[in-house]
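Please look over the chain shown here. The report below takes the domains first, then a hairpin and a helix.

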Amino acid sequence: MEPIVFYDLKRETAKELWAFSPNTWRSRAALNIKGIPYKTVWLDFVELKPTLSKLDLEPVLGPVPYTVPTIYDPNTKKAIMDSQAINRYLEEQYPDRHVLFPKGTAALQAAWVDNITPKMIGQTLDPLLVMHVYNQASPADRKYLRDTRRKMFGAELEQIEARGEVAERLMKNWEKQLADAGKWIDLNGHGSVFIGGCAPVNADLDLHAVLKYCTLLAPDSRAASLALTTQNGRWANYLKAFEKWAQSV
Ligand SMILES: N[C@@H](CCC(=O)N[C@@H](CS)C(=O)NCC(=O)O)C(=O)O
C-alpha cells in the first residue's frame, strides 16, 4: 500500500521533529499501533489553511477552519480531518490490524474522548502550558496564535495562562484527573495497564496523547513532573508501555 500522508504541527525550536499536539498524537498513535505506513508533512500553524484547504475537506466553522490531525489516504483518495473521524476511518479501512474499537465499546469510548480528556486538556493543561506552545512557535505562528486566541477567548495569551492561585487549583485538578483515570483503569482488574485492559484501545490513545503533550512540550513543567511521579510512577510506566507505538516519522 502507498503510505498515508499525515499532517502534523512542527515546533520552531525542535532540534528533532516530533509531535507535541495532543490531537495529532491521538491519530499518530493509531497509525503506529496498526502498523500502517505513513509519512508526516510537518506544518506551522500558519501553513494549515493554505495546505489543508487544497484537500477535499469540509472546513470547520469559526476562527480555525482547518486543523490537524488531517490525513490523505492515496489508496482510497480520501482526505479526513479530525482525530476521531480519522481513527474510525482507519479502523474501518484496516480492520485486520490492532483493534481500537472492540465490539460494543464504541459508545463508551466516545464518551471518554468527548468528556474526560477535553477537561484534562482544555480546562487544565492548556492554561498551564499555553506559553510553552507560544515560546516554541515560529515568529509568524506567534502572531497567529495571539490573533486567533484573542478571537476565541477575548484575551491575551498572558491572561489565559494560569498563574498563582489559579495554577495551584489547576495542578490539584490535574492530580485528581490522573487519580480518577487510574481508579477507572484499576476496575479492569488488578495489574491492568490500559483502559482496554491488557491492550490499548482508542480511549488509551487519547489518554496517551494528553501525557505526551505535557511531558514532551514542557518536560520541566510542574504538570509534567506531577504526571511522571504521581501514583508511584504509574503514568511514566504507561508511557513506557506505549513507547513502541510512539515514534514520530
Ligand atoms: N477535534 C479536533 C481538534 C483538532 C485541533 O484543534 N487541532 C489543533 C492542534 S492541537 C489545531 O489544528 N489547531 C489549529 C489552530 O489552532 O489554528 C481533533 O480531534 O482532531
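How many Å separate the centres of domain 1 and domain 2, taken over C-alpha atoms? The separation is 19 Å. This is a predicted model, in which local features need pLDDT of at least 70, side-chain atom pairs count only at pLDDT 80 or more, and totals for chains, interfaces and linings use all residues. Residues are numbered from 1 along each chain as its sequence is written.

Domain bounds come from an automatic or database domain assignment.

| Domain | Residues | Residues in the contact |
|---|---|---|
| domain 1 | 4–104 | 22 residues |
| domain 2 | 107–245 | 26 residues |

Contact here puts two C-beta atoms, placed from the backbone, within 7 Å. On the side of domain 1 that touches domain 2, α1, α2 (45–52) and α3 each give two or more residues. The largest share, seven residues, comes from α1. Helices (H or I, at least four residues) and strands (E, at least two) are DSSP runs, numbered from the N terminus.

Now the hairpin. Strands β3 (residues 70–73) and β4 (residues 78–81) run antiparallel, joined by four bridges; pairing requires at least two bridges found by DSSP. Asp73 stands opposite Lys78 in β4. Four residues lie between the strands. In this turn, Lys77 has a positive phi of about 60 degrees.

Helix α3 (residues 83–93) has Ser83, Ile86, Asn87 and Leu90 as its buried residues. A residue is buried if 20 or more other C-beta atoms lie within 10 Å of its own. Seen down the axis of α3, the buried residues fall within an arc of 95 degrees, so they line one face of the helix. The arc is that of the directions from the helix axis to the C-beta atoms. These residues pack against α1 (22–34), β3, β4 and α9 (202–217).

Note on methods. A residue is buried if 20 or more other C-beta atoms lie within 10 Å of its own, exposed if 12 or fewer, and partly exposed in between; C-beta atoms are placed from the backbone.
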